[in-house]
Amino acid sequence: RGLGDVYKRQVDPPALAGAITQLIASAGAKSRKVHCSVASQSSLVVRPIEVPRMSEAELVETMRWEVERYIPFAASEVIVDYKPLVAVEQLPESQQNMDVLLAAGQEDMINAYVEALTQAKLEILSLDVEPLASGRALIDINADRGAYEQVIALVNIGAGTTDISIYKRGVLSFCRPVALAGDSLTNAISENLGREFAEAERLKTEEGMILFDASLYRTAIEAGSEREAENERIELAPPPEGETSSEGPVFDLGDEENEAAAAASGEPAAFDLGGGETPAPPPVPTAQNVGDTMGRRVFESMAPTLAELVTEVRRSLDFFSTRGSQTRVDKVFVFGGTARLPHFERFLTNELGTEVEIGNPLARLDIATPDGYSEELKSFSPMLPIAVGMGIRDLME
């Protein structure tokens, strides 16, 4: 998974194939069949779009011409797939429009994925898109606990991009990538503390924390709010110029249209993975109780960038809530490497005014681990929703 960052950094497919082969051998994996995720980056567009209600045959013809309105690159250079989020026969008779999930990736990027995996002698079962994979691991698997009765935002803070996806009652309704993520925080540490990138990454991972002193980040938060007021409109995908692609579907968007209908009937149980009463949270760290430590200096270096990231997440949630849907987000799951920063979810809860939890895709799974590895696996769980979502793909369909 995660080949998007590799492609973005222009690692050649033969070198990547060698690394994948070595990884599979070291893990002792026997199967050669793989599901591969495609990241939402500059070479990929994933977004729900609205079109007039029509049959499947009519949709095929319409999408040949519709796609160029939503992609920021030449339509002649893309590979496209799409799927109605709710099957037309399940729509109310009075509903005149329908929502379709569109995935469009530049052909060179898709070819790089396929070439690397083929050279590694792997059989590609699907190219999945990350918002669907993570939704499978954090939302679909919890349908019996009321997940389909809520509006849930998934915030995936990767290395180069933060992907914000919002599911409304089990259906993906909003996607937006933001060019602020883990590497942005590492670069801020590097610049402010005068460290090389690798050392700054180590400091972030080993020393990084969130301090709950308003004075340390409030100025940065307010500066982000001012920028937000100056730029209220979110550009999701500017209309490009170019010819319409005639490529047939290659992305496999799965069988998502019936997921919302699969929720259990009757009053759902509360969507709570805690397993009992929630213990009182421990005291939060502040500048006073951590002193002049490296952790404090790391946080102070990251604070302005964290403020920008929070602003972008808030803008996305507000955009979804106020521009047409009039639906407030009930819960946010945050995941990715940056989500492992101590108290990160409490920081986001404070700043967003919405309940935020760390996305743990292992909470409903029984996993056999060697002695002594269960806690280590748990610590890495925020980095696994996409991988788990692809792993359980066949089980969920």
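Modeller: Let's fix one word before we start: a residue is called buried when its relative accessible area is under 20%. Phe344 is buried by that rule, and Phe347 is too. Bear in mind that this is a predicted model.

Colleague: Fine. What share of the 397 residues in the protein chain is buried?

Modeller: Buried residues come to 48% of the 397. As for the outside, the chain exposes about 19,400 Å², with carbon and sulfur atoms supplying 49% of that area.

Colleague: And how many helices and strands does the protein chain have?

Modeller: There are 14 helices and ten strands. If you look at contacts with a separation of 6 or more, 76% of them come from residues 24 or more positions apart.

Colleague: Let's take the sheets. In what order do the strands of the five-stranded sheet come?

Modeller: To read a sheet, you follow the pairing: two strands pair if there are at least two bridges between them. Here that gives an open sheet, β8-β7-β6-β9-β10, with mixed pairing. β8 (171–178) and β10 (355–358) are the edge strands, each pairing on one side only. On average, neighbouring strands in this sheet are turned by 20° against each other, if you ignore direction.

Colleague: Which way do β6 and β7 run, parallel or antiparallel?

Modeller: β6 and β7 (residues 162–168) run antiparallel and are joined by seven bridges. The two form a hairpin, with four residues between them. To find your place, look for Ile157, which stands opposite Thr162 in β7.

Colleague: What about β6 and β9, parallel or antiparallel?

Modeller: β6 and β9 are parallel, joined by five bridges. Ala153 has Val332 in β9 as its bridge partner. Carry on outward and you find β9 (residues 331–335) parallel to β10, with four bridges. In that pair, Val334 stands opposite Ile358.

Colleague: Why is β6 described as largely enclosed by the rest of the structure?

Modeller: Go back to the burial cut-off and apply it along the strand. Seven of the seven residues of β6 are buried, so the strand is largely enclosed by the rest of the structure. Both faces take part: Val151, Ala153, Val155 and Ile157 point one way, while Ile152, Leu154 and Asn156 point the other way, and all are buried.

Colleague: Which strands does helix α11 touch when it packs on the sheet?

Modeller: Contact here is heavy atoms within 4.5 Å. Helix α11 (residues 344–352) touches β6 (151–157), β9 and β10, and its direction makes about 160° with that of β10. Our two phenylalanines from the start, Phe344 and Phe347, both lie in α11, three residues apart, about one turn of the helix.

Colleague: How many aromatic pairs does the structure hold?

Modeller: Three. The reading rule is that planes under 30 degrees apart count as stacked, over 60 as edge-to-face and the rest as tilted. Phe174 and Phe319 have ring centres 5.9 Å apart and planes at 45°, so that pair is tilted. Phe174 sits in strand β8 and Phe319 in helix α10 (residues 294–322), so the pair ties together parts that are 145 residues apart in sequence. Both Phe174 and Phe319 are buried. Phe344 and Phe347 also make a tilted pair, at 6.3 Å centre to centre and 40° between the planes. Finally, Phe174, Phe319 and Phe320 make up one aromatic cluster.

Colleague: Now the three-stranded sheet. What is its strand order?

Modeller: This one is open too, in the order β2-β4-β3 with antiparallel pairing. Its edge strands are β2 (44–52) and β3, each pairing on one side only. Neighbouring strands are turned by 25° against each other on average, direction ignored. Helix α4 (residues 107–119) packs on this sheet, touching β2, β3 and β4, with its direction at about 70° to that of β4. Nine bridges link β2 to β4 (residues 97–106), and Val46 has Ala103 as its bridge partner in β4.

Colleague: Is Tyr82 buried or exposed?

Modeller: Buried, because its relative accessible area is 17%. Tyr82 lies in strand β3 (residues 78–84). Its C-alpha is 9.8 Å from that of Ile49, with 33 residues separating them in sequence.

Colleague: Last one: how many disulfides does a search of the whole structure find?

Modeller: Zero. As for cysteines, Cys36 counts as buried at 3% relative accessibility, and Cys175 counts as buried at 7%.

Note on methods. Residues are numbered from 1 along each chain as its sequence is written. This is a predicted model: local features need pLDDT of at least 70, side-chain atom pairs count only at pLDDT 80 or more; totals for chains, interfaces and linings use all residues. Side-chain values use heavy atoms; hydrogens and water are left out. Axes are lines fitted to C-alpha atoms, for helices over the stretch in contact, and angles run from 0 to 180 degrees between N-to-C directions. A disulfide is a pair of cysteine sulfur atoms within 2.5 Å. Buried means under 20% relative accessible area, exposed over 50%, partly exposed in between (1.4 Å probe, protein chains only). Accessible areas come from the Shrake-Rupley method with a 1.4 Å probe; for residues, only the protein chains shown count as cover. Rings of Phe, Tyr and Trp (its six-membered ring) pair if their centres lie within 6.5 Å; planes under 30 degrees apart count as stacked, over 60 as edge-to-face and the rest as tilted.
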